[in-house]
Amino acid sequence: MIDIHAPTHAPMTRRDFFVHLGIVVLGILIAIGLEQSVEYFHHRHQVAELSEQMRVEAQNNLPLIRESIARLQVQAGYIRSLQQALLAGKEIGASADVHGVTPVGGSSLYVSPSRATWSAAQSAGLAALMPAGDAKLYARLDYITASEITGDRDLHQALTALVSECARAHYDHANPAVQRITVAHRDDLLFQLEQVQGVLRSVAGSLSLVEGGDEAIVARVHSLDDMFRYQNAALQRTHAGGFASFYGDSPNRQTLIIPDTPAATE
């Protein structure tokens, strides 16, 4: 048998219903707000951590970049010496008496700058959390670094072609003694030397842009315009360091133009 008990409280009025509903909605809003606050501060921590990792990576890149530029300057000087030696040779009919140039020595190893931090951030989806200005700056610098790595490969290929041409011409470029080669071979060697010189300028320019970009990151700049000023200064130093024909204009140039790059994040 079913027992029916009288209610212990008065029937809920419309006012009571809306008060109860408001309490429930307020509790949900508070829970959502707390969750969003925790997520916001977590993202802020991630962005701050990523920015610091980028700064440390940039700081570590700088001595490697400057050492590579110095080596490129030495190599460019050697290429110019070979050009002068070939041009100073005495022509005898279809042949020419030329001499080589003793290499300066030292390492010719170039270490490309690291962009592992930005690549990892993109893979993990953290790049989308960065402020727009920072993301554009990092994406542009990543693009320029990729161009510099391509330039390294081009330089290796140009030097390989030069070594092959020296062998074909029977020209010992490191031997300062007089050697007789054909005028045709001498002209081919001059062409290959010019190719190497052009790639050296390109790689030095790219490295300077990367150097300026890393200097900007270390200085904690947050816009492309601010980064461009650092890159301009780095290019001017490269001009003074033996690549004065890079960009084919005056060392007083102040305007830097860099090709557009893909968007940092979608």
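**View 1. The surface of the whole protein, as a predicted model.** About 15,500 Å² of the protein is exposed, and 60% of that comes from carbon and sulfur atoms. As for the inside, buried residues account for 36% of the 266 residues.

**View 2. The fold from end to end.** You'll find 5 helices and 3 strands here. Walk along the sequence and the order reads α-β-β-α-α-β-α-α. Take the contacts between residues at least 6 apart in sequence: 79% of them join residues at least 24 apart.

**View 3. The hairpin of strand 1 and strand 2.** Strand 1 covers residues 90-92, and its pairing with strand 2 is antiparallel, with 3 bridges. Look for isoleucine 92, whose bridge partner in strand 2 is serine 95. Just 2 residues sit between the two strands, and in that turn glycine 93 has a positive phi of about 65°.

**View 4. The two faces of strand 2.** Which side chains of strand 2 are buried, and which are not? Follow residues 95-99 and the side chains alternate. Ala96 and Val98 point to one face and are buried. Ser95, Asp97 and His99 point to the other face and are not buried. Ser95 is also the residue that bridges to isoleucine 92.

**View 5. Strand 2 meets strand 3.** Strand 3 spans residues 178-182 and runs antiparallel to strand 2, joined to it by 5 bridges. One pair to pick out is histidine 99 with its bridge partner in strand 3, valine 178. That histidine is on the face of strand 2 whose side chains are not buried. Strand 2 therefore has a paired strand in both views: strand 1 and strand 3, given that pairing takes at least two bridges.

Conventions
Residues are numbered from 1 along each chain as its sequence is written. This is a predicted model: local features need pLDDT of at least 70, side-chain atom pairs count only at pLDDT 80 or more; totals for chains, interfaces and linings use all residues. Side-chain values use heavy atoms; hydrogens and water are left out. Helices (H or I, at least four residues) and strands (E, at least two) are DSSP runs, numbered from the N terminus. Buried means under 20% relative accessible area, exposed over 50%, partly exposed in between (1.4 Å probe, protein chains only). Contact means heavy atoms within 4.5 Å. Accessible areas come from the Shrake-Rupley method with a 1.4 Å probe; for residues, only the protein chains shown count as cover.
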